[in-house]
Amino acid sequence: MSNKEVKAALKSARDAIRNKEYKEALKHCKAVLKQEKNNYNAWVFIGLAAAELEQPDQAKGAYKKAIELEPNQLLAWQGLANLYEKPNQTDVKGDLANVYQKLLELYESGDKQKWCDVCNKLVELYHQEKKYLEVAETWQKLIRMKQEEGAEKAELHQLWKKMIQLLKDSTRNQDNKTGQLLLTAFEHALHSADTVPGEDHQNLYKDFIQCLSKFPHEVARLEKACDDMMALYPTVSYPLEVLCLHFVQSGTLSEKALHCFSRLLEMDANSGPGIICFGIKCLKENKYKEAVQRLTEGLQKTNQCPAAWHYLAEAQMKIHEYKNAVLSCNQALEALGTPEGPNLRWKNLALQLKAETLIKIADADAAEEAIKALEQIVDGSSDPVVSALRGQAYLHKGLMDQASKISQELLLSHPDLAEAHALEGFIHYSQKNYEQAEKSFLNAIERKAGTAEYHQYLGLTYWFMSDETKKDKGKALTQFLKAAKLDSCLGSAFCYLGNYYRDIAGDKSRARGCYKKAFELDEMDEESGTAAVDLSVELGDMDTALSILNEATEKARPGTAKWAWLHRGLYYLRTGQPSQAVSDLQAALRADPKDSNCWESLGEAYFNRGSYSTALKSFRKASELNPGLVYSIYRAAALEQILGKYENAIATYQQILKKTENYVPALKG
């Protein structure tokens with residue numbers, strides 16, 4: 001075949017392809033290749049025809065052969081790109097990206113529009129594959145190309161915004177280089193905006209600040225962006241809110257931070273971040289109840305702030321709301337997810353605080369949960385304070401050997417650690433080794449005198465050690481007073497002060513005040529509530545007694561606070577108010593249906609109200625629960641007599657007289 005015939009065959013192949021006669025085209029190309037096996041055009045036409053005949057492997061082989069012959073010719077690369085772009089081509093995205101890159105290289109010095117088209121396709125391909133760094137670098141090349149061509153500011157602005165859009169999901173698995181390119185895109189987009197200030201520009205600034213807040217190491221850049229936005233948009237609270245939450249997460253309350261808090265609340269008194277910051281300020285000023293109130297309110301508006309949940313847990317811990325504090329720690333941990341960098345510190349703090357709180361709950365289940373929390377603390381095994389907490393948890397679980405082992409190891413490795421001596425004290429106290437416990441708690445106080453719990457336990461140690469130490473003003477009393485002064489929310493300290501003033505000093509009025517305070521701090525403290533009521537009655541102050549009982553019953557859930565319902569029911573019974581007495585005694589029985597004395601009192605209340613049949617049932621129930629209650633049996637007999645059930649009444653009277661021959665009311669009946 002002559003050169004002229006080769007050209008004619010190639011022309012025939014081209015015409016056949018144009019007419020969609022692909023098999024015919026293949027014949028012409030093969031004829032050419034018999035003569036010229038390295039004919040570039042023949043291989044390209046084979047690739048094109050084979051692709052249309054859905055013979056992808058033959059097409060790919062032909063294009064690659066052509067590329068091998070002429071690596072810098074466009075046709076084969078274009079054909080290969082078209083082949084890989086077909087929907088039936090899978091697992092070729094990597095190859096397609098390489099083809100696009102070669103096409104960019106070939107178009108760069110020629111057709112700029114085609115270069116841009118291929119660039120867009122390559123970026124889209126990288127984006128589908130979540131290769132964000134390649135997306136960013138390729139899109140930047142496109143922008144540079146446009147800049148060199150003298151593109152308008154508005155077009156460049158849209159290109160920078162498009163780059164932001166392409167990279168917005170990249171912050172989830174951010175590598176530093178991609179992050180920097182994203183932040184650079186934001187800065188270029190902000191500087192190239194037409195209308196400043198304006199709504200679009202303002203929204204772009206918000207997005208930029210939100211993006212910056214996800215980068216823990218871009219603190220200076222974040223603060224500058226917030227300051228710049230505040231200067232441009234002084235009435236918009238968003239940058240201040242972000243800045244405040246940034247200060248909260250950083251864990252520092254600088255002058256600048258406090259200034260931001262005040263400024264935000266002046267601008268918007270209902271701002272979630274502003275209220276959170278005010279709550280943290282209250283916490284730092286030891287206004288714990290107000291801190292809980294403010295932080296709770298702020299977190300209802302802005303709940304994705306792990307540090308704020310931690311601060312709320314801390315405030316709840318201070319006022320001994322242990323179960324709520326555990327819930328807040330869980331919220332902090334949920335908001336943190338799987339943290340890195342500075343947030344890892346917050347995770348460790350939340351886990352440690354959760355463990356401390358669970359240990360205060362002081363039961364085996366809570367102790368087990370505390371151990372699990374401590375195990376999750378990164379590098380917790382090397383922290384002696386964490387080890388001491390683990391020792392306390394083991395103690396509450398009843399694992400004395402493990403607790404003792406930790407205590408001994410800590411005292412050897414960290415002899416100056418207050419927590420090590422306190423753990424030793426808790427172990428001795430639980431074993432009633434009061435003299436050794438005294439030494440341990442004194443050692444702990446020497447190293448950390450401001451811990452109320454150490455003084456409280458030293459006071460308890462003296463209380464149970466002997467009558468002498470219980471009565472010695474310089475021992476138990478002094479320690480309880482110190483504990484109450486250091487922690488004004490420590491209900492147990494006030495309860496034991498009440499015990500001291502009532503049982504040792506004989507000062508009923510002061511004792512009543514301490515019990516009342518203890519009960520106000522802990523509504524579940526029945527001992528203090530009962531003692532406060534009893535002492536109020538003894539002091540002739542029924543108003544205070546009723547006030548305490550009313551408060552306890554109003555807050556009580558169904559089936560709880562038996563002591564309060566019973567006390568108030570008996571009061572109503574004594575003061576001739578049987579209907580109220582019935583209602584309260586029924587509530588007491590819902591809390592404890594097997595209290596025979598309560599059933600007896602209820603029977604009396606029904607009797608006084610004139611409900612004889614119901615009274616009879618109540619007295620019978622009391623005597624069933626406790627056959628030794630002669631009075632209930634007698635009252636049942638008397639009611640049977642009133643109701644005309646004489647035979648039953650006689651039998652019941654005789655039953656009493658068998659047990660108690662000289663029981664006068666029964667003889668009389």
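Mentor: Before we start, helices are DSSP runs of H or I with at least four residues, numbered from the N terminus. This is a predicted model in which local features need pLDDT of at least 70, side-chain atom pairs count only at pLDDT 80 or more, and totals for chains, interfaces and linings use all residues. Residues are numbered from 1 along each chain as its sequence is written, and side-chain values use heavy atoms, with hydrogens and water left out.

Trainee: Okay, how many salt bridges does the structure hold?

Mentor: To count as one, a side-chain nitrogen of Lys or Arg has to sit within 4 Å of a carboxyl oxygen of Asp or Glu. Go through the structure with that rule and the number of salt bridges is 31.

Trainee: Which residue forms a salt bridge with Arg-18?

Mentor: Look in helix α1, which covers residues 3-18. The partner sits three residues from Arg-18, so about one helical turn separates the two. The closest N and O atoms are 3.0 Å apart, and the partner is Asp-15.

Trainee: Is Arg-18 buried or exposed?

Mentor: Buried means under 20% relative accessible area, exposed means over 50%, and partly exposed is in between (1.4 Å probe, protein chains only). Its bridge partner Asp-15 has 25%, so Asp-15 is partly exposed. Arg-18 has 57%, which means Arg-18 is exposed.

Trainee: Which residues are linked with Lys-11 in a network of salt bridges?

Mentor: You've already met the pair, since they bridge to each other with N and O 3.0 Å apart. The network takes in Lys-11 together with Asp-15 and Arg-18.

Trainee: What is the N to O distance in the salt bridge of Lys-281 and Glu-285?

Mentor: Let's place the two side chains first. Lys-281 is partly exposed at 31% relative accessibility, and Glu-285 is partly exposed too, at 37%. Where these side chains meet, the N to O distance is 3.1 Å.

Trainee: And in which helix do Lys-405 and Glu-409 lie?

Mentor: These two side chains also meet in a salt bridge, at 3.9 Å from N to O. They're four residues apart, so about one helical turn lies between them. The helix runs over residues 400-413, and it's α22.

Trainee: What is the relative accessible area of Lys-405?

Mentor: Start with the other end of that bridge: Glu-409 has 44% relative accessibility, so Glu-409 counts as partly exposed. Lys-405 falls in the exposed class, with a relative accessible area of 52%.
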